[in-house]
Number of protein chains: 2
Amino acid sequence: MTPVKIGLLGLGTVGGGTVTVLTRNAAEIARRAGRGIRIVHAAAREYDPAAIAGLDQIDHIGQDAFAVVDDPEVAIVIELIGGYSPARELVLRAIANGKHVVTANKALIAMHGNEIFAAAQERGVMVAFEAAVAGGVPIIKALREGLAGNHIEWVAGIINGTGNFILTEMRDKGRDFADVLAEAQALGYAEADPTFDVEGIDAAHKLTILAAIAFGIPLQFDKTFTEGISRIEAQDVAFAEELGYRIKHLGIARRVSAGIEMRVHPTLIPHRRLIANVDGVMNAVLVKGDAVGPTLYYGAGAGSLPTASAVVADVVDVVRALTTDPNNRVPHLAFQPSELADTPVLPMSEIETAYYLRLSARDKPGVMAQVAGILGDLGISIEAIKQKEPGEGDTHVPLIMLTHRVREGLMDEAIARIEALDAVSGDVVRIRMETLAG
Amino acid sequence: MTPVKIGLLGLGTVGGGTVTVLTRNAAEIARRAGRGIRIVHAAAREYDPAAIAGLDQIDHIGQDAFAVVDDPEVAIVIELIGGYSPARELVLRAIANGKHVVTANKALIAMHGNEIFAAAQERGVMVAFEAAVAGGVPIIKALREGLAGNHIEWVAGIINGTGNFILTEMRDKGRDFADVLAEAQALGYAEADPTFDVEGIDAAHKLTILAAIAFGIPLQFDKTFTEGISRIEAQDVAFAEELGYRIKHLGIARRVSAGIEMRVHPTLIPHRRLIANVDGVMNAVLVKGDAVGPTLYYGAGAGSLPTASAVVADVVDVVRALTTDPNNRVPHLAFQPSELADTPVLPMSEIETAYYLRLSARDKPGVMAQVAGILGDLGISIEAIKQKEPGEGDTHVPLIMLTHRVREGLMDEAIARIEALDAVSGDVVRIRMETLAG
């Protein structure tokens, strides 16, 4: 059988890795796929030829990405440019040209996936995006196919390696956020502008995709609540540890009777949970299905070769499905396009979770009772309360509380009342808390 | 579209769970698969109608399994009888009748898979067996499809829940093997005859399957080295813990330059590894690919609904591939049948690993030097050596050593020489040790 001909957009970190994997493992991949896979046309504005093994195997490398998506020889376009534009235009044109698309672009899928999938469905082509979530971990495949018999109850994932590296370092070494961020930037784990990673936007893109696939809903990035890790303090990491918890930056999607929760935020989780022990730049996604119970998928969430691993797996999948009746292929969002649900996404005030609260209380008797009184009046149960010893000369001491599950709207009110107390200084620190129990 | 018609063999734990999942989640499964999936004919010698939700949805339940595989209405046969015979005959006849097969039967696949897959290939039908390894965890799919771009280097898995439950209890409570086994039997985690689980045969079946898929070799159960956990003592669990390790019963398949290692045995692994923290009846498989690095898949490895989750996912996969050109389907053993390799499986004497050794040494000076001398003469490096304090009146004390990696054949010789020392009493306990480093 003749090799399948690939067009490649982008020769950066992931593009270069994809060239390397496709050429280095060409024989083994062909033994699996039943036919060869060859990049015939690539485009990149600039790239480092010396840094990419296998580049000499590509027939033609140019600068014009549109020439690749218009190349009649190309059957599958791999989009590894990233960003919204011109990625969106290129992908839509590839689809219009009847080409299948493989992409690692989470921002594109989270923001424009509904439009892109509709166009692909219409044209009878596939758009595969395993590499968009958790890098090399085949989580899209697991959710969309491996757990196809389940009613998915919730998904909780460490889906941003930079954030996890920072939190791991803060815990292991007791260091501050800013300090670790600077190190992460020096190591190349964090961008010069780290906003996308540390403010949770990257994780929110990925969570949006996971939620759509898990629950059969359209992609709704604008409805994903997003809170980053930049305000996590070393003392909160330490207090959490003392209480038997770890702080992880999680993307959580949960189906409850009123609708669907989609939220990205720092989260206290019991330190004995497997996912609490996922450290450094690694990613992991925990999925709870009604039949299978909890399952977890772990691996490198970024990087050249790990992400390329997912890209190549998608290419092999597309090659295998080339002869399939389009109606029998795995649907883009796991559910048949006509079967997506309009289940409402809950506003944050309506979600339910437990909380870690830290406040700075004047060091005098009665403050704890005042705070506990406010929570009690609102029907919020306290699981634990802890007042730290004052240091010499301290007028205020940290007061830490863990609450049981309560509606966020009610907690907002409790926090407003607590902050209004004379004996409490500054803002109340609130970190959500999940047991992630099977 | 008309529903796909299923024939079901067996209404035991997994059969009952499959009925329950297929009926309870029927609407959601159809939203994914694009068409309904309906059991039209089931056979079981005996079953408990009251224990199985959804049984009333089956058109016909009889006692004759061959009537199911011969039923012209049935498109896909689900085999959940277990064991070698008549499962083999039933599966082969279903194939001969042009029906696709889904099975959870690891013994059948490990022993007769080569024959079954050849017959299926010849007839152009699919045999799916996700449920045969690690229950509900979609590890077959991950290895066969999700990591299709990788050269797999090794696989290491906790793939027997009973064994993992026993080792977890031994560690957590300091209890003896026999004592915990009795509890596992009372809880229903272990069979009345626990041989398959505690002697590693069940794990060896599963490892045989994983190795074939990872490396593109035929199934070779007879070449899998198998050592159970029944000789693990509470003191070894405790000593391992002191040294920073945990004992897990692992199935390990590794590709080295000389060939392939396939082995199931208790293994010391660093306690900080994620897989070292997989406790109780849970399963996990760690896979190292050259591109993706280490990835881990975790979940329930047995039980009614978790195993049914994998069975149903396979059914959905088969339904989706019904219209696919048979040559483009995912090959049974991940690689095209014509592309399987005859890479030799190494005899155990040729494998390389590190070791934990415990021996009972006379409590007098010089014994440690004698033992270290034997290892040194054979070129075996010692990583750590530890002599326990004697109790009052003890003539012998435990001497524990960790070695660096060495060929097993050499270690056999070292152990024989150590056991021949006058100052050493009884057998040397040997537990293999792996870092499982990425």
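Which residue of S4(B) does B:Leu9 stand opposite? The residue is B:Glu79, as the first view shows. The model is predicted, with local features requiring pLDDT of at least 70 and side-chain atom pairs pLDDT 80 or more, while totals for chains, interfaces and linings use all residues; side-chain values use heavy atoms, without hydrogens or water. Residues are numbered from 1 along each chain as its sequence is written, and chains are lettered from A and ligands numbered from 1 in the order in which they are written.

**View 1. An open parallel sheet in chain B.** The sheet has 6 strands in the order S3-S2-S1-S4-S5-S6, paired in the parallel sense. Its edge strands are S3 (60-62) and S6, each of which pairs on one side only. Strand S1 (residues 4-9) is joined to S4(B) by 4 bridges. Strands (E, at least two residues) and helices (H or I, at least four) are DSSP runs numbered from the N terminus, and two strands pair if DSSP finds at least two bridges between them.

**View 2. Strand S2 of chain A and its partners.** Of the 7 residues in S2 (residues 37-43), 6 are buried, that is, under 20% relative accessible area with a 1.4 Å probe and protein chains only. Strand S1 (residues 4-9) of chain A runs parallel to S2(A) over 6 bridges, with A:Ile6 opposite A:Ile39. Strand S3 (residues 60-62) of chain A is also parallel to S2(A), through 3 bridges, and here A:His41 stands opposite A:His60.

**View 3. The bent helix H5 of chain B.** Helix H5 (residues 106-123) spans only 22 Å between its end C-alpha atoms, against 26 Å for a straight helix of 18 residues; the expected span is 1.5 Å times one less than the number of residues. The helix bends by about 85° at B:His112, the angle being taken between axes fitted to the seven residues ending there and the seven starting there. At the N-terminal end of H5(B), B:Asn105 acts as a cap, with a side-chain oxygen 3.4 Å from the backbone nitrogen of B:Ala107. Just after the helix, B:Gly124 has a positive phi of about 75°.

**View 4. The covered side chains of H5(B).** Buried residues of this helix include B:Leu108, B:Ile109, B:Ile116 and B:Phe117. Among the elements covering the buried residues of H5(B) are helix H4 (87-96), strand S5 (100-103) and helix H10 (201-215) of chain B, where contact means heavy atoms within 4.5 Å.

Technical notes: Buried < 20%, exposed > 50% of the residue type's maximum accessible area, 1.4 Å probe, protein only. Polar contact = N/O pair within 3.5 Å; in protein donor to acceptor, adjacent residues only side chain to side chain.
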